[in-house]
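Please open the structure in your viewer and keep the selection tool ready, since this tour goes from one stop to the next and says what to look for at each.

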Amino acid sequence: MTMHTDAAIDSAADAQTATEAVVIQTLPLYEMMRMRAATTARRHPVLGFAAPERDSRMRWVNQFTHTHRRLGPQDKEVVSPNNDTVYSNAWLDLSEGLVVIESPEMGERYWTLGLLDAWTNPFAYIGRRTTGNRPQRTLVHAPGWHGEVPQGITHKIAADGSDAAMRVDTWIDGLDTRVPEPSRFRAVVDEALRRNPPPAGESLDWPPPTAMLEAALPAVYERLRHAGQPHDLGGGWAIPVMVRTHWGDDHLTRARIARNFIGALGVEEAMYPTAEVDTDGDVLHGGRRYELRFAPGRGPQVDAFWSLTMYRRSDCLFVANPIDHYSIGDRTPGLRHEPDGGLAIRLQADDPGPGVNWLPAPAGEPFYVVLRLYQPGADHLALRFDYPPIRAL
């Protein structure tokens with residue numbers, strides 16, 4: 001029989017708690033590196049492949065990759081993706097000099113380029129809300145740069161460091177969204193920290209023992225997936241993201257967003273009220289039927305547009321449905337308002353019949369919905385808006 005003293009037990013518990021805190025602190029950096037691997041291009045249109053081997057993880061940066069359709073259930077790279085816009089991604093490196101982003105005339109479109117650092121701080125924006133829809137040439141430079149500005153630059157943005165090389169080894173399979181193995185997590189964070197030290201004023205006790213990571217990683221990933229949201233709005237709604245330009249010392253929320261909503265924009269650009277339970281506090285489930293109803297004149301207040309998007313709770317992804325609809329909102333063709341001007345949306349797995357605004361739920365599985373508000377109004381920003389509850393029928 002082995003005897004354990006109270007001091008030894010306390011010491012082991014303290015070490016595990018400390019390791020989990022380090023995982024929470026560094027998880028955004030790991031997830032950004034995973035996203036880099038998933039969204040950078042293997043082939044440059046002029047320079048060719050980053051490496052000749054088909055299974056190579058070498059990729060190009062300082063190059064946009066574009067999707068030409070809205071994401072659906074076949075897309076698994078990004079958790080809680082939007083179904084409203086097409087994505088363009090570019091990973092910028094400033095180690096060899098300046099980067100200029102050219103954007104064309106955008107007409108009346110909503111568009112935004114949100115710039116995030118490697119720790120997921122959304123530090124700047126180019127787009128409809130901030131710089132307008134005219135043709136633009138944006139200079140991105142390192143902090144403290146005072147060189148000559150190239151001709152035709154419309155505005156400048158100082159980026160906090162760089163995060164890759166022109167031709168870069170991404171180290172990992174970016175499509176693997178499972179809890180990482182301890183050795184993989186440690187190796188990726190080790191490499192990423194060489195180029196992306198913690199934000200100013202943030203200390204980091206790295207690395208923790210690999211043996212401690214083995215228990216800490218699944219515990220933290222599970223905790224972040226199911227933890228309650230920080231800003232309760234009542235009626236089952238909560239705001240998971242209230243960041244503007246920097247997470248500061250809120251490591252837990254930063255990690256939760258990296259796990260569940262990576263790439264989330266700051267609140268002036270977009271807000272993401274989320275419901276995982278109904279008005280009675282019961283988890284939303286595809287085995288039940290629900291209704292969300294906005295009273296006349298009490299719909300979302302936005303300067304751009306809004307949508308309600310459906311996700312499976314287990315993996316934060318879309319689930320295929322018979323009508324191939326994953327979001328519904330003010331731009332949805334055929335959206336029906338009630339005679340009094342109210343708007344009712346049914347959330348359920350089975351077809352409610354004609355003349356009903358229907359957002360299909362995954363049959364037999366828990367789900368959650370995100371109400372995306374693009375350029376939200378003042379009542380949303382001040383958390384004064386009265387969000388209607390989701391009621392079971």
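In this tour, two residues are said to be in contact when heavy atoms of theirs lie within 4.5 Å. Please also keep in mind that what you have open is a predicted model.

**Stop 1: helix H3 against helix H4**

With that meaning of contact in hand, select Tyr-221, Arg-223, Leu-224 and Arg-225 in H3, and then add Leu-252, Ala-255, Arg-256, Arg-259 and Asn-260 in H4, which are the residues they meet. Now show the whole of H3, residues 210-226, together with H4, residues 251-260, and you can see two helices that pack at an angle of about 85°, with their axes 9 Å apart. Angles of 65 to 115 degrees count as roughly perpendicular, which is why H3 is described as roughly perpendicular to H4. If you colour the contact of H3 with H4 by class, you should find four nonpolar, one polar and four charged residues.

**Stop 2: inside helix H4**

Stay with H4 and ask how many of its ten residues are buried. The number is eight, and H4 is accordingly described as mostly covered. The buried residues to select in H4 are Thr-253, Arg-254, Ala-255, Arg-256, Ile-257, Ala-258, Arg-259 and Asn-260.

Next, pick out Arg-254, which belongs to helix H4. Its relative accessibility is 0%, and because residues under 20% count as buried, Arg-254 is placed in that group. To see what surrounds Arg-254, leave aside its neighbours within four places in sequence and select Gln-25, Pro-28, Trp-119, Thr-120, Pro-199, Glu-202 and Trp-247, with which Arg-254 is in contact.

**Stop 3: helix H2 and its two sides**

Select residues 182-195, which form helix H2. At 1.5 Å a residue, the 14 residues of H2 should span 20 Å, and the distance between its end C-alpha atoms, 21 Å, agrees with this.

Which residues of H2 are buried? They are Pro-182, Arg-184, Phe-185, Val-188, Val-189, Ala-192 and Leu-193. These buried residues cover an arc of only 160° around the axis, so they are on the same side of H2. On the other side of H2, select Ser-183 and Arg-194, which are exposed.

**Stop 4: helix H2 against helix H3**

Keep H2 on screen and bring back H3, and look at how their axes come within 9 Å and cross at roughly 95°. The two helices, H2 and H3, are therefore roughly perpendicular to each other. On the H2 side the contact is made by Pro-182, Phe-185 and Arg-186, while on the H3 side it is made by Thr-210, Leu-213, Glu-214, Leu-217 and Tyr-221. Sorted by class, the residues in the contact of H2 with H3 are five nonpolar, one polar and two charged.

Before moving on, follow the loop between H2 and H3 until you reach Pro-207. The peptide bond that runs from Trp-206 to Pro-207 is cis, with omega near 5°.

**Stop 5: two loop residues with positive phi**

Go now to the loop between strand S11 (167-169) and H2, and select Trp-171 there. Although Trp-171 is not a glycine, it has a positive phi of about 75°, and with a relative accessible area of 24% Trp-171 is partly exposed.

Then move to the loop between strand S17 (306-312) and S18, where Cys-316 lies. Cys-316 is not a glycine either, and its phi is positive, at about 65°. Is Cys-316 buried or exposed? With a relative accessible area of 2%, Cys-316 is buried.

**Stop 6: Val-78 and Ile-328**

Select Val-78 in the loop between strand S4 (65-66) and strand S5 (88-89). Val-78 has a relative accessible area of 14% and is buried. Add Phe-261, which is 183 residues from Val-78 in sequence, and check that the C-alpha atoms of the two are 8.1 Å apart in space. Apart from its neighbours within four places in sequence, Val-78 is in contact with Met-35, Ile-262 and Leu-317.

For the final selection, go to strand S18 (residues 327-329) and choose Ile-328, which counts as buried at 6% relative accessibility. Not counting residues up to four places away in sequence, Ile-328 touches Trp-306, Ser-307, Leu-308, Leu-335, Ile-345, Asn-357, Trp-358 and Leu-359.

Definitions and conventions: Residues are numbered from 1 along each chain as its sequence is written. This is a predicted model: local features need pLDDT of at least 70, side-chain atom pairs count only at pLDDT 80 or more; totals for chains, interfaces and linings use all residues. Side-chain values use heavy atoms; hydrogens and water are left out. Helices (H or I, at least four residues) and strands (E, at least two) are DSSP runs, numbered from the N terminus. The expected span of a helix is 1.5 Å times one less than its number of residues. Buried means under 20% relative accessible area, exposed over 50%, partly exposed in between (1.4 Å probe, protein chains only). The arc is that of the directions from the helix axis to the C-beta atoms. Axes are lines fitted to C-alpha atoms, for helices over the stretch in contact, and angles run from 0 to 180 degrees between N-to-C directions. Angles under 35 degrees count as roughly parallel, over 145 as roughly antiparallel, 65 to 115 as roughly perpendicular and the rest as oblique. Ala, Val, Leu, Ile, Met, Phe, Trp, Tyr, Cys and Pro count as nonpolar, Asp, Glu, Lys and Arg as charged, and the others, Gly among them, as polar.
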